[in-house]
Amino acid sequence: MDWAHFLEVMLVDEHGARAKYKLASDLATDSRIKEIFEQLRYEEEVHVSILEKEIAALKKIAGEKQ
């Protein structure tokens with residue numbers, strides 16, 4: 001299995017979740033609910049950063065094996 005590709009698929013999911021939380025935040029009229037969705041969106045951004053770092057690491061490992 002190509003683990004970098006696997007994580008790239010997961011990255012697409014994270015981008016989708018981030019977009020959904022942004023939409024929910026934009027549509028929320030209650031400031032407390034808006035804050036919840038903004039926090040969830042931020043957490044997805046953290047996940048994106050982590051995945052991008054790990055994808056780069058896996059690609060480097062794969063390149064070293066060739």
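In the predicted model, the chain contains two helices and zero strands. The radius of gyration is 16 Å, whereas the globule rule gives 11 Å for 66 residues; because the computed value is well over that figure, the chain is more spread out than a compact globule. The C-alpha trace covers about 55 × 15 × 10 Å along the principal axes of the chain.

Helix α2 comprises 35 residues, from 31 to 65. At 1.5 Å a residue, a span of 51 Å is expected for α2, and the C-alpha atoms at its ends lie 51 Å apart, so the model agrees with the expectation. Four positions of this helix, E44, V48, L51 and I55, are its buried residues. Helix α1, which runs over residues 3–27, is included in what covers the buried residues of α2.

For the chain of 66 residues, the buried fraction is 15%. When contacts are restricted to residues at least 6 apart in sequence, 67% of them connect residues separated by at least 24 positions.

The surface and the charge distribution were also computed. The accessible surface of the chain amounts to about 5100 Å², and carbon and sulfur atoms account for 60% of this area. The chain carries 10 positive and 14 negative charges. The mean position of the positive charges and that of the negative charges are separated by 2 Å.

Note on methods: Residues are numbered from 1 along each chain as its sequence is written. This is a predicted model: local features need pLDDT of at least 70, side-chain atom pairs count only at pLDDT 80 or more; totals for chains, interfaces and linings use all residues. Side-chain values use heavy atoms; hydrogens and water are left out. The radius of gyration is taken over C-alpha atoms; the globule rule is 2.2 Å times the number of residues to the power 0.38. Buried means under 20% relative accessible area, exposed over 50%, partly exposed in between (1.4 Å probe, protein chains only). Contact means heavy atoms within 4.5 Å. Accessible areas come from the Shrake-Rupley method with a 1.4 Å probe; for residues, only the protein chains shown count as cover. Lys and Arg count as positive and Asp and Glu as negative; His and the chain ends are not counted. The place of a charge is taken as NZ of Lys, CZ of Arg, CG of Asp or CD of Glu. The expected span of a helix is 1.5 Å times one less than its number of residues.
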